[in-house]
Structures are given as structure tokens and as C-alpha cells.
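Me: Could you take me slowly through one part of this structure, going strand by strand if need be, and then show me what lies around that part? I am in my first year, so please explain each term when it first comes up.

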Amino acid sequence: MMEGPHRAGQAKPMIPPFSPVLLLGLALRPVRPALLQPVFDHMLKVVRSQHPDILERLEAYGERSVCIDPIDLPFALILEPDPVQPRLTVRRFVDADEVHATIRGPLETLIALAEGRMDGDALFFSRQLVVEGDTEVVVALRNAIDGAGIDLVADLTAALGPLAQPARRAAGAVLDLVSSLRGSVETVRQSFIAPALQGAASRDARLAELEAEIKALRKASRRGGPA
Amino acid sequence: MIRPELICPAGTPAALKSAVDAGADCVYVGFRDETNARNFPGLNFSRKELEEGIAYAHARGAKVLVAINTFPRAGHPQMWQSAVDDSARLGADAVILADIGLIDYAARTHPDLRLHLSVQAAASNPQAIGFYAERFGVKRVVLPRVLTVPEIAAINQAVAPVETEVFVFGGLCVMAEGRCALSSYATGQSPNMNGVCSPASHVRYVEAGGGITSQLAGFTINQFGLNEPAGYPTLCKGRFNANGKTSYLFEEPTSLNTLAMLPDLIKAGVAAFKIEGRQRGRAYVAAVVQAFRQGVDAVLEGRPLPDINLDSITEGGRQTTGAYEKAWR
């Protein structure tokens with residue numbers, strides 16, 4: 001089982017980016033995870049039927065559970081990749097010793113990883129993704145999902161038959177809205193941190209002055225001048 | 001001027017499609033077992049997936065090479081021989097082999113199957129390459145990543161018409177490939193015999209205070225500070241305490257990138273450019289293959305090299321031209 005003090009869903013060891021997802025997460029705080037469970041049941045059912053090869057690739061790891069922890073949402077998911085009865089459970093908190101491994105990162109990063117739009121190793125190298133516990137099952141899961149060619153919007157709307165196309169258009173409109181919101185949220189973020197940045201800039205300038213003074217004094221000292 | 005082939009990695013069928021769609025001339029893959037040097041969890045191809053992958057590639061004018069480049073266990077060559085047989089049966093364009101016994105088996109059993117010599121065989125001089133070509137009919141040799149461009153040019157002159165293939169991007173192995181025992185020392189498993197260097201089953205990452213410690217089989221390999229780019233948890237890329245100093249003793253976490261050197265490598269007579277990374281995702285495959293497709297095409301058409309930034313997918317956020325320039329000599 002996984003070691004470490006973190007409790008997924010609560011004490012997030014990574015600082016989430018200020019984003020529309022973070023705001024959504026704040027809005028979702030009062031929502032009980034049980035109310036969200038049907039959404040994830042449906043998602044697992046759809047992905048399982050569209051991409052049966054994922055569980056096939058994970059066959060050897062069916063008994064190992066993985067916590068997927070979006071750091072900007074107030075809940076986490078537990079994936080149990082049993083080839084016969086897989087489960088994706090949404091939970092407010094996940095204790096470290098409940099699962100074999102944890103993958104932690106911003107929701108948008110986790111979705112990009114699932115859809116193969118970002119490379120898992122690159123995300124790990126750049127520290128945008130944190131892995132804890134049983135690395136083997138995490139690598140297997142990453143490879144299985146990357147190899148499946150998941151497109152969440154296309155997969156989730158595929159079963160809607162004639163409504164699939166309008167549903168995709170609606171999903172596209174929502175994603176466009178989130179994208180435009182990101183710009184506004186960034187403006188708000190800049191506005192919030194502007195005073196702190198100004199303070200830091202003035203401290204940096206003062207530090208540079210002091211460093212220059214120390215350098216000059218040391219130089220003078222070496223030459224035997226006034227220290 | 002030779003038109004070098006672009007040889008691209010694929011660990012899954014989806015990555016194979018990404019590589020072909022991005023402009024790969026050839027895609028190299030492995031079976032889902034210890035017959036290849038990327039025997040990672042959840043990775044690689046079943047026989048059926050290889051058959052479908054070959055059909056996809058051939059329909060678009062690309063070739064598929066199968067890496068069977070680990071060394072068979074003593075007395076148990078069947079799994080490796082089956083991999084060769086199935087590659088031939090399914091229509092692979094070549095197999096990439098390292099073990100001399102397996103090469104002999106492939107040459108005798110499938111005389112029409114094109115043979116490439118894996119980098120795992122560590123053939124780095126004309127005499128070694130000549131032996132494999134004359135004795136077994138090996139058509140191409142993947143050169144170890146320890147040669148300079150002038151050394152590669154000299155080898156090409158000496159071994160023609162045998163073709164050479166060199167790595168142009170990705171993970172950089174500084175050891176004598178096929179002979180490195182570092183992973184085996186720590187974990188009991190090696191890329192040479194088991195197809196895994198620093199297997200994930202032996203790797204642990206421990207987060208503390210914003211930093212991260214990577215461990216391999218209980219050995220602390222490295223500690224990365226807050227926001228410091230990380231690397232693979234291999235012993236050769238570990239940061240160790242020696243002589244009172246903490247530093248990288250063998251190699252720093254960095255990726256090979258020879259995009260700017262493509263004109264020199266083409267001039268040196270290299271027949272194929274290999275991109276490392278069957279363990280990487282589709283996003284990596286697509287980005288690197290596109291970049292090198294543009295680069296090779298630009299050189300062949302006499303245009304300036306494209307300025308493409310691949311920093312975001314490199315190990316440790318750093319790039320090097322490695323031994324090709326040997327700036328440390």
C-alpha cells in the first residue's frame with residue numbers, strides 16, 4: 001500500500017493553478033460525492049465499452065487500486081482496474097493507505113494526459129504531475145490509457161445516436177467558454193498578485209544593490225583599501 | 001545525397017498511428033514480453049495489434065520494424081525465436097536483433113527477412129559490423145551513442161553498402177549498450193536480459209516539503225528541489241555524494257537532440273535517423289516525429305533548418321548533442 005502523509009481530496013500537497021477549474025471546485029465543495037457518482041459510473045461504462053483494450057493491458061494489475069487526485073477539485077477518484085468488475089469511485093477524501101498508488105495534478109493536465117495530448121514523462125519531468133506509491137501500476141495505467149486513443153467528448157457522446165453531433169457541438173461550446181474564462185481568470189489572478197509582485201520587485205532591486213555594495217567592499221578589502 | 005529514413009518509436013497501436021500520421025518512414029515496435037528492451041508495464045503489441053499496425057503503416061507507405069533486441073535466457077531461446085517467426089509471418093519489414101544466436105536463427109529460418117543489428121549489440125567498428133554483414137547478411141547497424149560525426153562518416157565509408165542508423169533524439173545511454181549492469185546490480189533486472197532498465201516495480205517517488213526523492217530498489221537515486229526539473233530514476237543519472245560533493249557522476253538528466261546537426265549527419269552518409277522513446281506517449285511521438293520530418297525534409301530540399309523548441313518534452317528540461325560533438329574531449 002501507498003506510503004505518505006497525504007490525504008487526497010483534502011490536504012493537497014501541490015498548489016493548484018488559479019483557473020476556471022479551481023473556481024468550479026470551490027462551487028462543488030457543498031456537493032456530496034454520492035451525487036456525482038452516477039456521472040463517473042457512466043464515464044467508466046462508456047470508456048470500457050469504447051476502449052476494452054485498456055483493461056486488457058491492465059490485466060496483471062487488476063487488484064491494485066489507484067487514486068486519481070485532481071488538485072483543483074474537492075474530491076478524488078479511486079480506480080480499481082479489475083478486468084471483470086472495474087470501479088471508479090468518487091470520494092471526498094482518500095487516505096494514503098487505502099490505495100496502492102496516487103496520481104496527482106490539475107484536472108486539465110489529467111484530462112490532457114488521458115487523451116494523449118500531453119506526454120506523461122514530460123509532465124513528470126516538469127513536476128506538473130506527482131506520482132506516489134506503486135509506480136508500476138501507475139506506469140501501466142498511463143500506457144494503457146495513452147494507447148487507447150481516448151477522446152472524452154467523442155466517447156461520451158457516441159452513445160447518443162442522432163443526438164451525438166449536437167451534443168459534441170454543445171460540449172465544444174462549453175470548452176470554448178472555459179477557454180475564454182481562462183483569460184478572465186488570469187486577469188483576476190494578475191490583479192490579485194500585483195501588489196505582492198511589486199513588493200518582490202522592489203526587494204529584488206534592493207537585494208541587487210546590497211550585493212553590488214558587498215562586491216565593491218570585498219574588492220576594496222582585497223586591494224588593502226578601506227574595508 | 002542519401003535520403004535518410006526517419007525511424008520512429010511506438011509503444012502502443014495509438015502511438016504507431018501518431019508516428020505514421022506525423023511522417024515516419026518506419027515505426028519500430030516490440031512484443032508485449034521480455035524479448036525487447038522496452039518491456040514496460042502496459043506497453044507494447046500483441047500479435048493481433050502488430051498485424052493491424054503493419055496494415056495501417058503499409059497502407060500509408062510506412063514500414064514496421066520489430067525490435068527483438070534482448071538476449072535470450074540461456075537454454076530457453078523459444079520465446080525469442082517465436083518473436084522472429086511471428087514478425088516474419090505478420091509481414092514486418094525487418095527485425096532488430098542483438099543476440100548472435102538469434103541472428104543466426106533468423107538468417108537460417110527466414111532468409112528473406114531483413115535483419116538490422118540493434119544498438120544492444122554494441123557494434124561500433126567496421127570489423128564488428130563487417131562480421132555481422134558477411135556472416136548473417138545484416139543490412140543495417142544501429143550505432144552506439146558514443147561516436148563522433150567524423151567517426152560515423154569513417155565507419156560508413158568502410159562498411160558500405162551496409163547501412164548505419166543513428167539516434168537523433170531522446171534518452172541518452174552513456175554506457176556500453178547491451179553490457180550495462182547498473183540496473184541489474186540494483187534490481188536484479190536489466191535491459192539486456194529482461195528488457196527493463198530500472199523497472200517501475202522497483203521505483204518509488206517520495207514527496208516531502210515540495211521536493212521529491214526518487215528511489216530504486218531502496219537506493220536513493222536523486223533528490224529534486226521545489227520546481228527543479230526531474231529525470232528518470234536510473235543509476236547512471238543519479239546524483240551522489242562523492243569526495244564531499246553532491247553531483248551527477250555519470251550523466252545528467254538530459255535528452256539527446258540533434259536537430260541542428262542533421263546536415264552533418266546526412267553528409268556523413270547515415271541511412272536512418274532513430275528517435276528513442278517507445279515508452280513515451282503519443283504527444284511525444286507526434287511532436288518529435290513532426291519536428292524531425294520537417295528537419296530532414298528541409299535539409300534535403302536545401303532549405304534552412306526549422307527552429308523547433310522541444311524543451312517541454314525533454315528529460316530534466318535539458319538537451320545535448322551528446323557524443324556526436326564530444327565537447328568534453
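Reply: Let us begin with one pair of residues: B:R204 has its bridge partner in β9(B), and that partner is B:Q215. The pair belongs to a longer ladder, for strand β8 (residues 203–208) of chain B is joined to β9(B) by 6 bridges, and the strands run antiparallel. Strands are DSSP runs of E with at least two residues, helices are runs of H or I with at least four, and both are numbered from the N terminus; two strands count as paired if DSSP finds at least two bridges between them.

Before going on, please keep in mind that this is a predicted model, in which local features need pLDDT of at least 70 and side-chain atom pairs count only at pLDDT 80 or more, while totals for chains, interfaces and linings use all residues. Residues are numbered from 1 along each chain as its sequence is written, and chains are lettered from A and ligands numbered from 1 in the order in which they are written.

The hairpin of β8(B) and β9(B) has 2 residues between the strands, and B:G209 there takes a positive phi near 60°. On the other side of the ladder, β9(B) pairs with strand β10 (residues 219–224) of chain B, again in the antiparallel sense, over 5 bridges. Among the pairs of residues here, B:I212 has B:F224 as its bridge partner in β10(B), and B:L216 has B:F219. This hairpin too has 2 residues between its strands, and B:A217 in the turn has a positive phi of about 50°.

Put together, the strands give an open sheet of 3 strands in the order β8-β9-β10 (chain B), with antiparallel pairing. Because β8 and β10 of chain B stand at the edges and each has a single partner strand, one side of each is left without a neighbour in the sheet. On average, and with direction ignored, neighbouring strands of this sheet are turned by 20° against each other.

What do the faces of the strand in the middle of that order, β9, look like? In a regular strand the side chains alternate between the two faces of the sheet. Strand β9 (residues 211–216) of chain B has a covered face made of B:I212, B:S214 and B:L216, while B:G211, B:T213 and B:Q215 make up the uncovered one. B:Q215, the bridge partner of B:R204, is thus a residue of the uncovered face.

Next comes the setting of the sheet within its chain. The domain assignment of chain B gives domain 1 (5–172 + 254–324) and domain 2 (182–248), with bounds that come from an automatic or database domain assignment. The C-alpha centres of the domains lie 26 Å apart. Where they meet, 14 residues of domain 1 of chain B are in contact with 10 residues of domain 2 of chain B, contact being counted when the C-beta atoms of two residues, placed from the backbone, lie within 7 Å. The side of domain 1 that touches domain 2 has 4 nonpolar, 6 polar and 4 charged residues; here Ala, Val, Leu, Ile, Met, Phe, Trp, Tyr, Cys and Pro count as nonpolar, Asp, Glu, Lys and Arg as charged, and the others, Gly among them, as polar.

The strand β8(B) also has a part in the contact between the chains, which takes 29 residues from chain B and 29 residues from chain A. On the side of chain B, the elements that give two or more residues are α1 (13–21), β8 and α9 (282–300), and β8(B) gives the most, with 4 residues. By class, that side divides into 14 nonpolar, 10 polar and 5 charged residues.

Finally, look at two loops. B:S198 is found in the loop between α7 (182–187) and β8 of chain B, and its phi is near 50°, a positive value in a residue other than glycine. With 25 C-beta neighbours inside 10 Å, B:S198 counts as buried, since the rule calls a residue buried at 20 or more other C-beta atoms within 10 Å of its own, exposed at 12 or fewer, and partly exposed in between. B:N243, placed in the loop between β11 (239–242) and β12 (245–248) of chain B, likewise has a positive phi near 50°, but B:N243 has 5 such neighbours and counts as exposed.

Conventions. Axes fitted to C-alpha atoms, helices over the stretch in contact; angles between N-to-C directions.
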